[in-house]
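Q: Please take a close look at one part of this structure, the nonpolar interior and the residues packed around it. A connected account for a newcomer would be welcome.

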Amino acid sequence: MAFSSVTGSSRRGGWAQSLLPSSNSSKSKLPRKSRRRASLRDFIFANFFAIGLSISVLFFIAIVFRYGIPKPLSSSFKPRNYRQPKFRKPIYRKPALVDGGNEAASVAVVDITSKDLYDRIEFLDVDGGPWKQGWRVTYKGDEWDSEKLKVFVVPHSHNDPGWKLTVEEYYVKQSRHILDTIVDTLSQDSRRKFIWEEMSYLERWWRDSSDAKREAIRNLVKNGQLEIVGGGWVMNDEANSHYYAIIEQITEGNMWLNDTIGAVPKNAWAIDPFGHSPTMAYLLRRMGFENMLIQRTHYEVKKELALHKNLEYIWRQSWDVNETTDILVHMMPFYSYDIPHTCGPEPAVCCQFDFARSRGFFYELCPWKQHPVEINQDNVHEQALKLLDQYKKKSTLFRTNTLLVPLGDDFRYVSVEEAEAQFRNYQLLFDYINSNPSLNSEVKFGTLEDYFQTLREEAERINYSLPGEVGSGQVVGFPSLSGDFFTYSDLHQDYWSGYYVSRPFFKSVDRVLEHTLRASEMMIALLLGYCQRSQCEKLPTSFSYKLTAARRNLALFQHHDGVTGTAKDHVAADYGIRMHTSLQDLQIFMSKAVEVLLGISLEKSDQNPSLFEPENVRSRYDVQPVHKIINPPEGSAQSVVFFNPLEQTRVEIVMVIVSSLDVTVLDSNWSCVKSQVSPEWQHNKGKIFTGRHRLYWKASVPAMGLQTYYIANGYVGCEKAKPAKLKFFTSSKELPCSTQYTCSKLESDLAEIKNRHMTLTFNAKLGLLHKMSHNDGSQTVVEEEIGMYTSPGSGAYLFKPDGDAQPIVQAGGQMVISEGPLVQEFYSYPKTAWDQTPISHSTRIYNGENTIQELLVEKEYHVELLGENFNDREVIARFKTDLDNRRVFYSDLNGFQMSRRETYDKIPLQGNYYPMPLLAFMQSLTGQRFSVHSRQALGVASLKNGWLEIMLDRRLVRDDGRGLGQGLMDNRPVNILFHILKESNISSAADPVSSHLFNPSLLSHCVGAHLNYPMHAFVSKKSQVASVQLPPRSFSPLLASLPHDLHIVTLKVPQPLKYSQQLHGASRFVLIIRRQQWDSAYYCQKSRPQCSIMADEPVNLFHMFKDLVVSNVKATSLNLLHDDTEMLGYIEQLGDIAQEGRVIMSPMEIQAYKLELRPQQRVLNTA
């Protein structure tokens, strides 16, 4: 690529030119009489000066009126009370409507997309000299003549809440000392600045600190010396984390910060997540953040953006045609956030200005063998010019003359001596530079706020926009960009796609804790909302401390070395234990809340025992959950209560484990319910049947409500559960069949299971899916393949396979078909080269009218990469379909939005793997769509036409050279669950290779919601006499189900401990809702119950709940700290919504409301 076209060129756009008309059309020439023409000419000549002066004055007045009083071109760069202008209100353009009432998925108009970058970049990895991944940066020297260089050096310390040490070990050994150091050294000199990100450490330090230290921190924040950036509980991962958990972790940190110190962050700082998602930009914008900084993006992307001075840009969501999501972003240009890679393009020079690398400190010396020297009067001239040269070279990569230079690294400033070495030496260098006007530079310590404030002020004053640039109406002078920054590569062909899958066991626990916390929050809100007297407040308020711990344990795991699976073994265990403890606490609480909400026990506290226990429990933090065995004695029944955390009534085939086939299912009215029993399978070659049974029936549970069912033994008048019929395929002469079931042997090479919508055909020799046939006569080839990569170069972060994945399944093995009226299942324990096969799997289809399950295929893999046989192996499931997708597919970002993915030949296999937190789909030119929904975060690729490949687990011996110092050998058995959906386009098919925005269908959204927000089941500890029928027990809080394109992200009481202290009339509850964007080309038939939409069924907050009065509704930011919703960028007038109760939302938006709930009448009688 040519570099010279950018380097050294003028970096300012022509502001005067932008004010002039661009039209060059000639003036119209009308006939004139010569005498009148002469008179006009004489008049102009006679009054030329007066006319010119008048026009100039009018033009000047117009400029002042439009842009304000002009500022001098060269600013003094002194502390100013510059007030950043409020975000400009976007112009609302009503989206077009298509059939079904869904708003069309318009594409945002931007200057740069991530697809454009990937199409343009050649990925040649050219050696750039001192800046290995760039080029030899030069400058002419006159770039700062009219606008001096303004440099903000920003001291920081990156504190991982767990990585090589646990969060507590890091706190004791380093983080508490760092925070002490900040207080001590900043207090010595008001010119010193610092930024801090992680509230998990600050909150811990706060508990240990004296009142004097606390007050010192408050003062440092108040006077601008210390800025809290981001202010989340952690600096979250952006590939695996779900948007719910991201909102939770930022809110937890931001609210603690505001309550304790009185600060509200406005600038985000994300220097270490391994790739960046636009979901973060959206959430931060809707939380009131104004600016953000990111670091880890592909080195070739950094280079391409730097070449065109586009490292600072406006990040816009891909669907946002109204510029309401715009946020200003600074992308750091170099390899790392450490000091050698932040002062300028030459790390060997920059390392000489990391004074903590001097001998006497315990940090690594400079690897370039040129070490820092103490600054004194003898060397300050030489050293200052050397440092300023780097600053100026770095400055040429950006449009403005305002420059950011971070000064820090992991766990830096751990002692006063270290901090003084940095602050003292840098201040001497600053003083020298600032005292020499000929250098046209001014350098000082600053915060992120100092930098962005000055940057925006300069950009407002000098228009840096390029001709024809779309830019943004929110912040002038910068290009607009949409898209994401996955998959990250830091050098050569090392792609960080391994961490999408590392430690899948804990990735699955993360999601379980997430949906259990959400359900618990919902129960607490309902308990308090329906409560009339203080007695029924005991349970939720006494649980407050454990609730806070659960929020914080979920938040902690979102750290970019937590959910990523990239921490040391004992640190991963610490995360696991924390999550397990909170899961147990939440499940116990929910068991008690069920009693109160059903009216069984009206007064309960956290200390009272419960009548119920969770149906699904874990004995330890590192094992799979097990189902409670329901075993009612003869003539008795055990109750099972289901809680539905979704916004719609749920009709679903449910399952519990029983010890006997002699059971009957009854509903809350003691009416008979048809049911089925099937064997429970296990991953055991010698004994695939556990001896227990799965009991299935169709349940209906109210939206956000409870429903009771009974499992009875010996109940007269109802048909017993119907046993499934079994068909075995085995090389053994004897059938491994239980005498309780009817068994036969499968002789054919093909096997089928079916329901009224589809037939699945399997290769019985291999036990793998072969074909899907649909009731409309269409067929889809789906050749399932289980394979393994051999990857001696892979590690916790990197995926570096040695060639393609090879199939591992051989002919033989044990297969069994279970056929029943509700569920049909194909179970396979395949034959492989190993005696203990690493994987077994089930494929299920359901029969249940009006259930979503009857439209999907359920695929469950049990993976055990245990033992040295599987060292340096990575196991995948691959679906080889006949869809012509041209190697283009779509995967979700944080469960919030879809991103187009394309397989490029110019980057290696591992670079074509992408994160799949929830969903991936591909579609053909004819609109046939194949979707795979996941219950946990994994990695996905489409390496050949029609293929969709998902990695399930990885076991790796070696460290991959990214600092962890170990491989991944702590694998645990894990179950991975997919819901597969095959859909057909009902309108004109769009080209899947195009940049058109494809969204999940409404049905696909429902499938994902059911998979990721499962029902919670609770079993009575004691059985009851079946002949004594209790009154119906159910709880239904909503007046009606909400439309299927509206999702309640959370209903919660943010501070339950303060609930009774807050005045009645305060808005003590929070409701966060999201409107889904769905693809109208795959709309549901309106007769189906899963197809209601907001356009047809408007929602009113005042009329949402049954027997509850909703009042004091106030729109707020997603972190609950801003009530000025105009600054958040929403098109809708949320204040009006709060007054009238009507929910008005554009698709893709998330809105938050504070509100008050109180009973209309005495629903929970707590006398």
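A: The account below begins with the chain as a whole and then turns to its interior.

The model is predicted, so local features are reported at pLDDT of at least 70 and side-chain atom pairs at pLDDT 80 or more, while totals for chains, interfaces and linings use all residues. Residues are numbered from 1 along each chain as its sequence is written, and side-chain values use heavy atoms, with hydrogens and water left out.

The protein chain holds 20 helices and 52 strands (DSSP runs numbered from the N terminus, with helices being H or I of at least four residues and strands E of at least two). Of its 1167 residues, 64% count as buried (buried means under 20% relative accessible area, exposed over 50%, and partly exposed in between, with a 1.4 Å probe and protein chains only). Among contacts between residues at least 6 apart in sequence, 76% join residues at least 24 apart (a contact means heavy atoms within 4.5 Å).

In soluble globular proteins, nonpolar side chains tend to be buried together. Here the largest nonpolar core has 261 residues (such a core is a set of buried Ala, Val, Leu, Ile, Met, Phe, Trp, Tyr and Cys residues joined through side-chain atoms within 4.5 Å). Helix H15, residues 504–530, gives the most to this core, with 14 residues. Apart from this core lies another, of 30 residues, including Phe642 and Trp681.

Ile1150 is one of the residues with the most contacts inside the largest core. Leaving aside residues up to four places away in sequence, Ile1150 touches, among others, Tyr243, Phe896, Val1049, Leu1118 and Met1145.

Aromatic rings form a further theme, with 54 aromatic pairs in the structure (rings of Phe, Tyr and Trp, the last by its six-membered ring, pair if their centres lie within 6.5 Å; planes under 30 degrees apart count as stacked, over 60 as edge-to-face and the rest as tilted). The rings of Tyr118 and Tyr904 have centres 5.8 Å apart and planes at 50°, so this pair is tilted. Tyr118 lies in helix H4 (residues 114–120) and Tyr904 in the loop between strand S39 (897–902) and strand S40 (914–916), so the pair ties together parts that are 786 residues apart in sequence. Both Tyr118 and Tyr904 are buried. One aromatic cluster is formed by Phe194, Phe353, Phe355, Tyr413, Phe423, Tyr426, Phe430 and Phe445, and Tyr426 is also among the residues with the most contacts inside the largest core.

Charged side chains also have a place in this picture. Lys1052 belongs to strand S49, residues 1046–1052, and at 6% relative accessibility Lys1052 counts as buried. Its side chain makes a polar contact of 2.9 Å with the side chain of Glu248 (a pair of N or O atoms within 3.5 Å; within protein, one must be able to donate a hydrogen and the other to accept it, and residues adjacent in sequence count only if both atoms are side-chain atoms). Residues touched by Lys1052 include Glu521, Arg551 and Arg1068. Arg1068 in turn lies over the face of Tyr1059, at 3.8 Å from the ring centre (for such a placement, NZ of Lys or CZ of Arg is within 6 Å of the ring centre and within 35 degrees of the ring normal). Arg518 likewise lies over the face of Tyr1013, at 4.5 Å from the ring centre.
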